[in-house]
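Morning, everyone. I have a few minutes on strands and how they pair, so let's get the structure up on the screen.

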Amino acid sequence: MPKVREIILTGLRFHGILKISQILAQAAVNERMDVKTAEFTNEPIMSIEMCHIRFGDKVYSPLISKGNCEVFICLEPVSAIEVAADYLSMDGLMIINTSSTLSPATSLEPVLSLFDQLGRTIKLDALELARKAGNVYLANFVMLGALLGSKDPPLKIENITRAIKNIKPPDEIQACLKAIDFGMQSVIKQSNS
Amino acid sequence: MIELDSQLISKSNTGNQVAVSGNAALARGLIESSVKVVTSYPGTPCAEVLENLIPFGKQYGIYIEWSVNEKVAFEVAASAAMAGIRSAFITKHAGMNWASDSLMAMSYAGVKSGMVIISADDPGALNSPIEQDTRFYARMAEILGLDPASAQEAKDMVVSAFEISEKLELPVFIRPSNRILYGRSSLSLGKIQQSKNKAEFYKDPSRWIIAGKNAVCRHQWLHRQQQQLRMIVEQGPFNKLEMKGDEKYGIITTGICYYYVKDALQSLDIENKIAILKLGYFNPLPEDMIRQILQVVEEVVVVEELEPFIEEGVKKVASELKKGIKIFGKLNGYFPETGFYETEMIEETIKKRWNFPSKKSLSRDTIKRELKDLKLAPYQQITFCPGCPHRAALLVLKRAIAKIKGDFIITTDIGCYIIGVFPPLSLLDTVFCMGASIGVACGFYQAGLKQNLIATIGDSTFLHAGIPALINCCYTGVDILVYILDNRTVAMTGLQPHPGLGLTAQAEKTKVIDIENIVKSCGVDYVRVIDQFNLKEAEDVLTDVLKMKGQRVVIARHTCAQVINKSIEQNKQQTRAYKVNPEKCKYCRRCIESLGCPAMYVKDNKVAINEFLCGNCGLCVQVCTQGAIIYSAREKNA
Ligand code: SF4
Ligand code: SF4
């Protein structure tokens, strides 16, 4: 059975992770793969959202089993660490936004160091990069860019772009692509240094 | 908010592959079937079927309605199908309880054109207040019941259901579950049919007057239809038997659980050792299919979420076989009887029951222990959105109660306001179902409880189920304050309109059904509308009203923060946010502790406001005694 790619996204509602899951799913279909996602949301209350994304030649369940997640992307580190500890596979990768909304006050250091103990991490300040790309609501696209910039990216950038064009109004596409690029560049810079 | 897939399902052509949610797949199924009337009352996890349909309803000539409640919604859809027009009624599980009254009578009469009932179940109560198994309604009404395992199947079932419904002149029941509806998957699109049906009502008292002798005759007719239903469930395309014929063990499953089973077997590397029967039909139960697998295997595991609906049927078939087959499921404790299922749980049961070796067992226990030490729990708290009108409404109520030092019981209803049960408000005492706040308070009163009674209910909930209960209060003379939290939308399910707003589901202007006038004509002693964001005035009104006797209604009217955000986004308006002046903040924490607004946090022993989250409501400004909170410009929200 060929490999199924397994990605988890988490964040607070305003981060808009479901938009990213929508884009990844469509991009996977654009690459003629089978895809299933499971979206955990409690809309529209302020709450933590999670999304499981699985794609490959043939996908059965939309749920990722504990210990199987290959890439864990989190926009809100404080809320995500427990989930990461449950789901991440032993050689999994975590992509973490370091600007927390839930605890901008207290130091994030203890939480971030726990992530490091869990496995490989890529860290970036997604809110700051999003701000540079146009506005903070693009932090989700920055994280998508980070995924694409990581080693062995699961999907082709052309197919992601095509998926974005399918669902975003034309005047917003440029900003999204810019945010993706910032995310990608930041990861590439990190792996070179 | 779930991202909608309207674009993908409306524009793409036959044969195209798209990745869409289960809700969008159902919507596409309705379009392909050329449905003409679709009704519902907003409820998660299936509100997005209509949300996906609405943007292009006109293009396909579909009339779409958010009805005042599910009973009316069902009647609108059913009668359209009686008049020869294809229709669909969409509801969440609890809404099916409301519609069931009409379903029982109208299934005797049947339909002239196709009618599909989609009733979404919510194992684990992930997106609704309760978990209930609505498959029983299909059995009670003696109509065909289908359970999709994927979005693709959900769409295909809709198309097939319309054909069967039209042929047998009976509504067909589809029961998708939350995991399919809230999640995307590849969907291959089918042909959009053109309907030639014309609206016509054939007068026929023997069919449409369901009462007395007629009712018994039609019930007999319904029973005669069962023969055909039994054939359909055995031969239809949605069952799947994966069996070589020499297996010792078998699994019978349905819906999304089929895929959990597939993953579990793959993970245990025993895919070819176990026979699987996946059922797509649950009413009537495909007994011949079940017999086929039971004749081969010695032991069978039944995997289904919620009630042991299929398991009981399997037991019955097994007992007739006189073969001593062992059956494992919920009834003998092999699977939980509540909550949602996951692959791991099924893997575990299969492994234990049949002694298969497990491949992996790695855990990160030390890290989990360290996590507990970090005490991350408070962040998980559920709170109102920043700028939520319910926060203000319940805050003034709490203050008024504190002022008169009375003893109160506060019953509440279904809506965002149930968050008021959590700190810092910690205000509400009961919540059950639509409209129950007022009815429950009536019972407390008649029981002779000494406490004063307050029922809080939302605007849409009041129109849906509160009116008869309020009439009951007035009729029987209950002393009560009914506090209507009118946030001008159905918020919890994704900001749908209701009859009080003057807007239809398809965003056309219509009559405004005025809640204040309804309340008056129910016969109450007092009614007053307030804006709760004017804290001082609202608190004074409530303090006075709480001291009165009789049936009093206060309507706290202010638009939901999410509706405001949405319109700001649509109009690309520049907004402002509040900011704390650290010079002035004395760090008394009054604001944070009384409001629990998620936009507020603490930084360097001062309160601060997160500019992205601030809902711009000004509540904290009124709570702060130091004048430390001020207006500031905010970044553009593009
Ligand atoms: S959606 Fe509206 S009503 Fe519900 S919690 Fe948010 S602001 Fe309040
Ligand atoms: S920070 Fe103040 S103004 Fe902003 S949403 Fe919260 S209470 Fe309202």
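I'll take two places in chain B, one after the other. Keep in mind that this is a predicted model.

Start with strand 20 of chain B, residues 551-557. Is strand 20 of chain B mostly covered or mostly open? Mostly covered: 6 of its 7 residues are buried. Buried here means under 20% relative accessible area.

Now its partners. Strand 18 of chain B spans residues 480-486. It runs parallel to strand 20 of chain B, and 7 bridges join the two. Pick out one pair: Leu485(B) has Ala556(B) as its bridge partner.

Next, strand 19 of chain B, residues 526-530. That strand also pairs with strand 20 of chain B in the parallel sense, over 5 bridges. Here, look for Arg528(B), which stands opposite Val554(B).

What kind of unit do strand 19, helix 20 and strand 20 of chain B make? A right-handed β-α-β unit. The helix in it covers residues 535-547.

Second place, also in chain B. Here 7 strands form an open sheet. Read the order with me: 3-2-4-5-7-6-12. The pairing is mixed. Which strands sit at the edges? Strand 3, at 63-66, and strand 12, at 281-283, both of chain B. Each pairs on one side only.

Last stop, inside that order. Strand 6 of chain B, residues 145-146, runs parallel to strand 7 of chain B, residues 172-174. The two are joined by 2 bridges. Find Gly145(B) in the model: it stands opposite Phe173(B) in strand 7 of chain B.

That's my tour. Thanks.

Methods. Residues numbered from 1 in each chain as written. Chains lettered and ligands numbered in written order. Predicted model: local features only at pLDDT ≥ 70, side-chain atom pairs only at ≥ 80, totals over all residues. Heavy atoms only, no water. Buried < 20%, exposed > 50% of the residue type's maximum accessible area, 1.4 Å probe, protein only. Helix = DSSP H or I, 4+ residues; strand = E, 2+ residues; numbered from the N terminus. Pairing = 2+ DSSP bridges. Right-handed = clockwise from strand over helix to strand, strands pointing away.
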